[in-house]
Amino acid sequence: MKTFHLQLPVSKRAIEELNTGDIIYLNGRIVTLRDRSHQRIDEYAKKRLDLPFALKDRAVFHCGPIIRYINERKWEAVAIGATSSSRFSPFVASLIKGFGPRIVIGKGNLFREAIEALISHRAIFLLTIGGCAALYGSQVQKVVGNYWEEFGMADSVWEFEVSEFGPLSVGIDCKGKNSYEQMREVTLKENLEKIYEELDIDPNIDFTWWPQVPPGTKRATAYSIKA
Amino acid sequence: MKVIDSSVVEKVCYKLLTHASIELPPEVERALYEAYQRETNPLAKIYFQAMFDNITIAREKKVPLCQDTGIPMYYITLGSEVHIKGSLRESVNRATSRATQDIPLRQQVSHPLTREVSKTNVGWGIPPIFLDYRDGQDYIDIMGVPRGGGAEAKWQCVHPYPGVDRKKAIIKIVLDAVSMAGGESCTPTIIGIGLGGYGRDYTEVLARKAMYRTPLNSRHPDPQVAEIEDTIYHAVNKMGIGPLGIGGNTTCLAVHMDIAGGHTAGASVAVSFYCWSARYSKAKIMSNEKIDYITHPHIQ
């Protein structure tokens, strides 16, 4: 576990030095993305259109912020924090391939296609500490711009100038090592085995009678278990 | 019969939503500090330190703790000896709309099909009012909750096979729900469990209300229920999910379970989560002049 203070844009070499569990503080410009903007960027990538804002030397941030509107071109960041990244996973690959940001900041997990894009483009996924929006908001020096305003406060695109933005931890590094997956697939499974043994519960039994799964989908039945 | 003016209800709703969004109840903050002390993963300890920094900054700058200021919800218990003069619905709507402007809160109540966003967090039946009633009570209990989406989305409600060992079934269903939620429910969480209450909506409300039990992590008066709470609390903290899924021995802050009568053909089990930033604020309206703010006693 090392600590790094990085200045955006970051080089390929700097990215390659980072490993899961390292702590990062970022300086420079970050751009927020959420459900509607991610979807639109995906459409732009497919049509090979240019975006009305730069992503290449920025970090993108899965976030729907709270902003105080001061006047038409002046805003103040009130609270900014990450939203669950797993729901944008299908869009992350086209974002990285199409527009080249090397850092994606969020919360939770990304899936296979997104991780493959991170590996092939030497990019990383950084985790915020979910729920710390007052802390991260205090590290915004300036709200630089707002794009696709029609999506509203949470879903439009915000560009922030940040200073010592963190702590963030490396969730998926550019070798594809994934701290969340490690927790879920190794640590959690091993621990559950022990817990169920102590409690004398057969971990393979699904006690669920309802809701059922649709016909043709497999689900273990519990009729065979002892009452 | 005591009469409370709806303008008093509006004032209280406004203050509860405002303070709940900005300051954690002291018992939640204490539980986080105790979790920090027993946490053994050094990276998880850094996470806790950031949470404490966040709590301090939000309090000092009077800004929301989390950018997801949630769907505003109000839980109100009326008594047989008390009456509200005027519109409760309008009081709640006005309080929410004003708090949204003043704090400010994120504008995020939206039409479920068109995605049209309300600028006031009022619209299409939101904020919900959960009404309850108690005989002989001459005051109004009221709680404001800015209910974030991350933890809310991970709730589960299942109907186990009626003939199985019920305690084991409940434990397994809860641990399955915790495994599926992983760190994405913003662990360490408060886990609310509902058992019985015919109809899953009732079971879900049991679980939902159990989350807000005071004192935090206190046990149900029925020793059989208390034993299940205790077993689940210790099991969940051995799972290794840790704060936000980074790994560690602090996955839940509290486990609260509540029960209601079931059907002879079984009882459904509901599991609800509140993220570590467990925001709620409670008050008792004793009269138009006297209001006791329970979780945030410094409110003027």
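Two strands are said to pair if DSSP finds at least two bridges between them. With that rule in hand, the core of chain A in this predicted model can be read strand by strand. Strand 3 (residues 59-62) of chain A and strand 6 of chain A run parallel and are joined by three bridges. Within strand 6 of chain A, A:Ile105 is the residue that stands opposite A:Phe61. Strand 6 of chain A also pairs with strand 7 (residues 124-127) of chain A, again in the parallel sense, and here there are four bridges. A:Ile103 has A:Ile124 of strand 7 of chain A as its bridge partner.

How is strand 6 of chain A placed, with its faces covered or open? Both faces of this strand, residues 103-106, are covered. A:Ile103 and A:Ile105 are buried on one side, while A:Val104 and A:Gly106 are buried on the other. Helix 4 (residues 112-120) of chain A then enters the picture: together with strand 6 and strand 7 of chain A, this helix makes a right-handed β-α-β unit.

Stepping back to chain A as a whole, its secondary structure comes to seven helices and ten strands. Chain A has 227 residues, of which 44% count as buried. The C-alpha trace spans about 65 × 40 × 35 Å along its principal axes. Among contacts in chain A with a separation of 6 or more, 64% are between residues 24 or more positions apart.

Chain B has a sheet worth following in the same way. Five strands of chain B form an open sheet with mixed pairing, in the order 4-2-5-10-11. Strand 4 (129-134) and strand 11 (291-293) of chain B stand at the edges; each has a single partner strand, so one side of each is left without a neighbour in the sheet. On average, and with direction ignored, neighbouring strands of this sheet are turned by 15° against each other. At one edge, strand 4 of chain B pairs in the parallel sense with strand 2 (residues 71-79) of chain B over six bridges, and B:Phe130 in strand 4 is the bridge partner of B:Tyr75. Helix 1 (residues 6-22) of chain B packs on the sheet, where it touches strand 2, strand 5 (140-147), strand 10 (281-285) and strand 11 of chain B. The direction of this helix makes about 40° with that of strand 5 of chain B.

Chain B is divided into two parts: domain 1 (2-23 + 65-148 + 280-293) and domain 2 (150-274). Their C-alpha centres lie 26 Å apart. Five residues from domain 1 of chain B and four residues from domain 2 of chain B take part in the contact. On the domain 1 side, these are two nonpolar, one polar and two charged residues.

Finally, the two chains meet. In all, 49 residues of chain A are in contact with 53 residues of chain B. Several elements of chain A each supply at least two residues to this side, including strand 9 (157-172), helix 7 (179-199) and strand 10 (208-210). Which element of chain A gives the most? Helix 7 of chain A does, with ten residues. By class, the side of chain A that touches chain B has 30 nonpolar, 16 polar and three charged residues. Strands also pair across the chains: strand 10 of chain A and strand 6 (residues 156-160) of chain B are antiparallel, with two bridges. A:Trp210 has B:His159, in strand 6 of chain B, as its bridge partner.

How values were computed
Residues are numbered from 1 along each chain as its sequence is written. Chains are lettered from A and ligands numbered from 1 in the order in which they are written. This is a predicted model: local features need pLDDT of at least 70, side-chain atom pairs count only at pLDDT 80 or more; totals for chains, interfaces and linings use all residues. Two residues are in contact if their C-beta atoms, placed from the backbone, lie within 7 Å. Ala, Val, Leu, Ile, Met, Phe, Trp, Tyr, Cys and Pro count as nonpolar, Asp, Glu, Lys and Arg as charged, and the others, Gly among them, as polar. A residue is buried if 20 or more other C-beta atoms lie within 10 Å of its own, exposed if 12 or fewer, and partly exposed in between; C-beta atoms are placed from the backbone. A crossover is right-handed if, with the strands pointing away from the viewer, the path from the first strand over the helix to the second runs clockwise. Axes are lines fitted to C-alpha atoms, for helices over the stretch in contact, and angles run from 0 to 180 degrees between N-to-C directions. Domain bounds come from an automatic or database domain assignment.
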